[in-house]
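Reader: Got a minute? Walk me through this one, please.

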Amino acid sequence: MPSIAESLTEAESLLAAAGVAEPRREAISLSILATKKDRTFLYAYPEHILSDEEVKILDVLLRRRAGREPLQYISGVQEFFGLEFDVTPDVLIPRPETEMIVDRALEILRASDGGNFCDVGTGSGCIVVSILHELSRARGVGLDISRDALNVAARNAEKHGTSERLQLLESDLFSGLDTQKFDLIVSNPPYVPAGDMAELQAEVRDFEPHSALTDNSDGLSIIRRIVDEAPLFLASNGHLVIEMGIGQSDKVVAMFDKALWSSAELSHDLQGIPRIVSSRLI
């Protein structure tokens, strides 16, 4: 049986040959999953011999990752806003830039003393659960067209103690709502243009749910629907916060009717890309 050091070297070589980015880091992560030993142990005892069972488990995990299945789906978890979220192939993997929605939402809700908000296309629930976890008096509604995604969101709400303040509804955008009015609506909608799907990383293109990635059009159709329909469900002076893709900011800002909305504000990610647009209903 191989030692930890030998196993890591072999795993790194296999992942590198498969085109996996940062193969050493990924080999370590998979080894942690297979051996149930932490990173410190792997570094401290490189001569430790793996058991037959550990070798078999690691082999299965490596084959999955070499096939470009995302590490998050293999491990079943992803960190977001300091919390660990369950993820499955039914939901988009939470990304760091989406934390900007949570930051902006918290800023708005704290400033307005509001606490009633809606997350459109909630997926894993990472946005709505993170906000509820930070604001103990807030109440949220999570909407998603996928029942399977809502089941994942429900598990995450339970995991982080926010279930009692969260209502999850199966809904095509706002269709599942009646007369609710919110202080804030947030959304990370599908915004990848259909023509760009083939260019995505294999991990994204081949494994993440396409319905959460693209509108099968220009990448703007669902954003446009949200901007157009949101006023019906916002309280007076309510806010809308939406994530968008690279190069979409000018077109998204133009969607906000100046007779209904205040000036749209852009928030830029760490690469300087306009990633979040927010506006207030007049």
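**A buried acid and a core**

Author: Asp 119 is buried (under 20% relative accessible area, 1.4 Å probe, protein chains only). Asp 119 has no salt bridge (a side-chain nitrogen of Lys or Arg within 4 Å of a carboxyl oxygen of Asp or Glu). The nearest side chain of opposite charge, Arg 165, is 14 Å away; Lys and Arg count as positive, Asp and Glu as negative, and His and the chain ends are not counted.

Reader: How was this set up?

Author: This is a predicted model: local features need pLDDT of at least 70, side-chain atom pairs count only at pLDDT 80 or more, and totals for chains, interfaces and linings use all residues. Residues are numbered from 1 along each chain as its sequence is written, and side-chain values use heavy atoms, leaving out hydrogens and water.

Reader: Which side chain makes a polar contact with Asp 119?

Author: Thr 122, at 2.8 Å. A polar contact is a pair of N or O atoms within 3.5 Å; within protein, one must be able to donate a hydrogen and the other to accept it, and residues adjacent in sequence count only if both atoms are side-chain atoms.

Reader: Switching topic. Which residues of helix 11 are buried?

Author: Ile 222, Ile 223, Ile 226 and Val 227. Helices are DSSP runs (H or I, at least four residues), as are strands (E, at least two), numbered from the N terminus. Down the axis, the buried residues of helix 11 fall within an arc of 135 degrees (directions from the axis to the C-beta atoms), so they line one face.

Reader: What do they pack against?

Author: Strand 3, strand 6, strand 7 and helix 12 (249-253). Contact means heavy atoms within 4.5 Å.

Reader: And where does Asp 119 lie?

Author: In strand 3, residues 116-120.

Terms used: Buried means under 20% relative accessible area, exposed over 50%, partly exposed in between (1.4 Å probe, protein chains only).
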